[in-house]
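Hello,

Here is the structure I promised to pass on to you. Please have a look at it first, and then read my notes below.

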Amino acid sequence: WYKVAIAAVPAAIIGFLFDDMIDKYLYNSVTVAITLIVYGFAFLWIESRKNKSTINSLGQLTYKTAAFIGIFQVLALIPGTSRSGATILGAVLLGCARPVAAEFSFFLAIPMMFGASLLKLLKLKVALDFAGIMLLIVGMVTAFVVSIIAIKTFMSYVRKHDFKVFGYYRIILGVIVLLYFAFLK
């Protein structure tokens with residue numbers, strides 16, 4: 001968990017400092033479509049390389065590598081970038097095996113999603129009554145249970161398959177988003 005905390009620091013700092021600017025300038029369909037496509041190609045590129053994994057378990061992950069994965073996570077502040085995609089790609093580039101990269105990425109999601117949600121709540125100055133708090137708790141528990149199921153399914157997939165399907169999916173979705181907003185909206 002210390003490594004997760006270290007990896008969370010860069011995105012927490014940059015996200016806190018530049019949240020309003022990111023919302024203002026980057027939350028648009030073109031940015032989302034382009035990042036979908038760019039990361040799609042990144043997944044295809046990473047899978048075309050002959051990756052030599054030097055980190056084959058979470059125990060082998062150093063603090064330095066965790067910090068660098070955290071720097072890759074900063075890229076996820078750009079809308080359309082998958083947080084897990086950015087950290088997984090970064091981890092694989094740094095020598096992590098796909099399952100290690102995916103597992104660390106999911107652990108890293110816990111403080112990042114909590115922090116991002118808390119920041120948005122504070123910025124909205126939401127005053128929650130008892131019913132609102134209960135609704136928030138039910139939503140958090142539901143999201144946690146669904147996330148655990150999704151993570152177990154994804155980890156099972158990652159152990160047996162590569163990330164090419166995610167690359168193709170992101171490219172296709174990015175093109176659809178571009179076409180939709182260029183011609184249909």
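**What I found**

Helix H6 gives the most to the lining of the largest pocket, with 14 residues. Please keep in mind as you read that this is a predicted model.

Let me stay with that pocket for a moment. The space in the largest pocket comes to about 940 Å³. Its lining is made up of 25 residues, and those closest to the centre are Ile110, Met113, Ala143, Phe144 and Ser147. Which helices each supply at least two residues of the lining? They are H5, covering 98-124, and H6, covering 130-160. As for the character of the lining of the largest pocket, 19 residues are nonpolar, two are polar and four are charged.

Now to the chain as a whole. The protein chain has seven helices and zero strands, so if you follow the elements from the N terminus on, you read α-α-α-α-α-α-α. How does the radius of gyration of the protein chain fit with that of a compact globule? For 185 residues, such a globule would have a radius of gyration near 16 Å, and the 17 Å of the protein chain agrees with this. Along its principal axes, the C-alpha trace spans about 55 × 45 × 30 Å.

Two more values describe how the chain is packed and covered. Of the 185 residues in the protein chain, 33% are buried. Among contacts with a separation of 6 or more, 83% are between residues 24 or more positions apart. On the outside, the protein chain exposes about 11400 Å², and carbon and sulfur atoms supply 74% of that area.

I also picked out a few residues for you to find in the view.

- **Leu44** is found in helix H2. Is this residue buried or exposed? Leu44 counts as buried because its relative accessible area is 16%, under the 20% cut-off. Leaving aside neighbours within four places in sequence, Leu44 is in contact with Lys164, Gly167, Tyr168 and Ile171. The C-alpha atoms of Leu44 and Phe163 are separated by 7.2 Å, although their positions lie 119 residues apart along the chain as a separation.
- **Phe41** also lies in helix H2, which covers residues 29-48. With a relative accessible area of 48%, Phe41 is partly exposed. From Phe41 to Ala101 the distance is 18 Å, C-alpha to C-alpha, and the two are 60 residues apart in sequence.
- **Tyr2** is found in helix H1, residues 2-26. Its relative accessibility is 66%, so Tyr2 counts as exposed. The C-alpha atoms of Tyr2 and Tyr63 are separated by 8.2 Å, with the two residues 61 apart along the chain.
- **Gly132** has its place in helix H6, the helix that gives the most to the lining of the largest pocket. Gly132 is buried, with a relative accessible area of 18%. Between the C-alpha atoms of Gly132 and Phe114 there are 17 Å, and these residues are 18 apart along the chain.

If you would like a place to start, try the centre of the largest pocket, where Ile110, Met113, Ala143, Phe144 and Ser147 are the closest lining residues. From there you can turn to Leu44 in helix H2 and look for its contacts, including Lys164 and Tyr168.

Enjoy exploring!

Best wishes

Note on methods: Residues numbered from 1 in each chain as written. Predicted model: local features only at pLDDT ≥ 70, side-chain atom pairs only at ≥ 80, totals over all residues. Heavy atoms only, no water. 1 Å grid on protein atoms, 1.4 Å probe; cavity = no way out; pocket = protein on both sides within 12 Å on 5 of 7 lines; lining within 4 Å. Points joined across faces, edges and corners; volume = space filled by probe spheres on them. Helix = DSSP H or I, 4+ residues; strand = E, 2+ residues; numbered from the N terminus. Nonpolar A, V, L, I, M, F, W, Y, C, P; charged D, E, K, R; others polar. Rg over C-alpha atoms; globule rule 2.2 N^0.38 Å. Buried < 20%, exposed > 50% of the residue type's maximum accessible area, 1.4 Å probe, protein only. Contact = heavy atoms within 4.5 Å. Areas by Shrake-Rupley, 256 points an atom, 1.4 Å probe, with all protein chains shown as cover.
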